[in-house]
Amino acid sequence: MRLKITLASGDLRQSLGFFSAEIEMVGEVLTVEDILKHVGSRNGRTLADIVIGDGMVSPRYAIFLNGQNIETLQGLKTPVKGGGKIVVMDVIARIAGGL
Amino acid sequence: MSSTVSDDRWIPSQCYMCIHGCGIIAHVVNGVLVKIEGNTDDPDNMGKLCAKGNAGIMKLYDATRFKQPMLRVGGRKGPGIKPEWERVSWDEALSVVVDELGRIRRKDPRKLVTSIAEFQRMWCWGWPLAYGTPNYFTAHGTYCGSAYHPVNAMTDGSFATFPDLNYCNYLIMIGATDGFEAHLHLSGSAKRMADARRRGMKLVVVDPRLSVAAAKADEWIPIIPATDGAFALGLMHVLLVELDRYDKEFIKNHTNGPCLVGPDGLFVRDERTRKPYVWDLHDDTLKIYDDPTVREPALTGEYGAGTPSFQLLLNEVTKWNPEKVAKITDVPAKTIRRIAREYVEAAQIGATITINGRVYPLRPACVQYYRGAQSHKHGILDNMALKLINTIIGNIDVPGGHLGVPVYGQLAIWPGEDGMHHGMPINPIEKWQFEPKFPPDSTHLIEFVPVGQGHFGGGHISALTVLEPAKYMLNYEPEALFILHCNAPYNMPETRRVLKAMEKFKFIVAVDVYPSEASDYADVILPDHTYLESWSMCESEAPFIIGPGFRQPVVKPLYDTRDATDICSELAERLEFLDRWNNVLNHFFELYKKPEYMLEPDKKYCIEEILDRYFRANFGDEWSLERVREKGHMVRLRTPEELYMPYGRLRIPVYYEFMQRVKYKMDRFFAETGLQWDLSDFRPIPTWLESPIHQDLEHTLYAINYKSSLHAFSDSTANPWLREIMLRHPEMPYVLINRDTVAKLGLRDGEKVRITSKFGEAEAVIKTTEGIHPNVVAMTNMGHWCSHPVAGTAGGVNHNIFLSAGLDYTDMATGVFETAAKVNIERA
């Protein structure tokens, strides 16, 4: 299935080399975590290696699936369907936007 | 001389004479704005518009506006010193700013402090974070609810509150004037309040001053300042201890009241699920709170595994009998008992109402409160008590009751790890995170004041740390100040200390419309458009409605000014952090909802482009800026399903366990670092603690500040129409004092007096009245000294002079400061 992933983070863009990209994955039931593990960075680490710590989304990042923060869904175990749009953002704007 | 009308238009837009943004229509004739009226198509204000909104025209045509960028010439700064300016090009002014802020950013970005109060462009609050400094604060603490917002969020994910005037029959308003003089969406609220009164709603106002609300109420109850929390505890005592009348079903089924608390003050939880236990009286068994077999959860008593949290509330409330409370508040015990009885009888506990085919509890009684009631030394505790006097009658977010109001969109309510409302103090999109840190990074010490929105309440702490960074543990010296529509010298407590802090900054840049006490200290002025010349959208703590209002230019910019958002973008590009700034905008405008509309990292966007993307991403591809412009706004009434019981099956707190957890974290941190810090405000159950003003026996009178419908913060005092009304007002230019008190002091009505507190002094003219508690004096938004010819010559006295910015006058959980003072008054 095809998915779109957008990296609203300078550090992540530097590591992975893109702002927005479409990716193709094989699988019937994939989770957000599966997809993050699939996206590789330039230095061999995956996106999951960077944004997940202790089994949770690192406090530095927020992940949105189709416009919803995955924390309000099923976290990293949230299932993703074909055509899904994932955005990984720095939480730089947390206090401003998340007031 | 004849004139020809060739172009006569009414243009819809959004007001910005206060933070809330009523819908307006602007009458423009031949390119000249001649009239502003309320927009009858906007369900928020329904065509109503307050005096400020009508007077907005004079903001546009203010002759003293900043007409182009300016650099300061001459170095002296201070009160009474009129700055001298050299007009320069935008490029010259921006170059100076970029040189200074770029140098600081390369060295240590924390050395930049920012002071931002742009409420209708709140995305600008994220600019400092994109720059790389944690130091940003608003300066409206005297007028705001820095402890109110966190307790609202902990309770039901709300930011503010409002009585459900659709159904409420009995409203107690404490230290607030909603629907009369100030607070949420005044124009629409005044109409809703008038309708509720006409319907027969009884209104009781508790306030040291006979406010407009009190004057129109059924009953006015004068009270000693900063004792409102004790009053709420007294009401609770009557309901819970003396009458045993409260909504037991609501407490059992919709709150954490039955959850068992252990000796450590934390819930006793199931190890696997992390869910709290309750004690089921039906079969005398310990069960997880959401076990479907629970039939009769205990609210009172003590059990081997723990004590129901409601019992702990009861234990505390038992201490606050009306006789004790009367001594503190000066409200007679019999009045407290009568009001409590009237309140609970009006609540109709057990009643229901069917709306759109759905059955809701009906609780047509509410306690509404705001700044005057709870912006005090122990504001968090006051707020918890004032919230719980609502919760115990089961009126939270139900018809007729106490409604949570989000800052925008929906309430931030969702399950925490235990399946109850998350109970966190702010409305985060992400998880609440707090780690105390030594040395702290921020000038407002947010690292040590974890529960409040530090930039709201703790702004005044920056005045302390800027002056003495080492004393307050900072390991750097703040150097520069970036001001965006914020007037710290006027709005912050302990004026003389704030002025010293302003003088200490080596470089100050101000983005503003016209001169203020703050911009008088600037080295560079970057002039903003007025709201009548610019684009924006704003949804800000609106009761009953949802969706953004829409601001569009009603006239072309009159001068060589720029939009504040565009100024922020330009600076971000020149200072090489445009990607981070665009990320702030992506986040704030929720462009991640449709990634195709997200701002690309290295491209600068103007505000029109950003708004176009915002509307398309949030309302659908067809909602271009042009289409929204034609419609005029995106505001609609909330449906009953959106308004009532948004928490559904999620339990809300009567026990703020979060506060206990934070206290443990703070305890550990301070034990490890050896630092001294007052943690008395960190409690899961409210109590009432004295403020330093109650302990100040050297001064005899309490001094309070009150709000007027004519003004919002300090900005509107520069408006000549509003000034004219104000100076003709029978009370506003004066300090209000009780007639009996004047007689005791040997003074006369209209006499000039000297007012003195521990922290400052000023002269003022007194006005005698029976409409104020004998131990209290009151003043409003006056006493400017800035170079603006209208604001700076209006007279009156600034209340902030008498307040303290010290930590000993600060709520250490939320950062709110004591907004009442203790003063002496003598003939000048």
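In this predicted model, Ile63(A) lies across from Val88(A) of strand E9 in chain A. This residue pair belongs to the contact between strand E6 (residues 61-65) of chain A and E9(A), which pair in the antiparallel sense over five bridges.

E9(A) has a further partner. Strand E1 (residues 2-8) of chain A pairs with E9(A) in the parallel sense, again over five bridges. Here Thr6(A) is the residue that stands opposite Val87(A) in E9(A). As for the surroundings of strand E9 (residues 85-90) of chain A, five of its six residues are buried, that is, under 20% relative accessible area, so the strand is largely enclosed by the rest of the structure.

The arrangement can now be followed outward. E1(A) also pairs with E2(A), in the antiparallel sense and over five bridges; within E2(A), Ile23(A) is the bridge partner of Leu3(A). Taken together, five strands of chain A make up an open sheet with mixed pairing, and their order is E2-E1-E9-E6-E7. Strand E2 (20-24) and strand E7 (68-69) of chain A occupy the edges; each has a single partner strand, and therefore one side of each is left without a neighbour in the sheet.

A second chain also contributes to the surroundings of this sheet. Helix H20 (residues 578-588) of chain B packs on the sheet and touches E1, E6 and E9 of chain A. The direction of H20 makes about 125° with that of E9(A). For reading the side chains along these strands, a general point applies: in a regular strand, side chains alternate between the two faces of the sheet.

Definitions and conventions: Residues are numbered from 1 along each chain as its sequence is written. Chains are lettered from A and ligands numbered from 1 in the order in which they are written. This is a predicted model: local features need pLDDT of at least 70, side-chain atom pairs count only at pLDDT 80 or more; totals for chains, interfaces and linings use all residues. Side-chain values use heavy atoms; hydrogens and water are left out. Buried means under 20% relative accessible area, exposed over 50%, partly exposed in between (1.4 Å probe, protein chains only). Helices (H or I, at least four residues) and strands (E, at least two) are DSSP runs, numbered from the N terminus. Two strands pair if DSSP finds at least two bridges between them. Contact means heavy atoms within 4.5 Å. Axes are lines fitted to C-alpha atoms, for helices over the stretch in contact, and angles run from 0 to 180 degrees between N-to-C directions.
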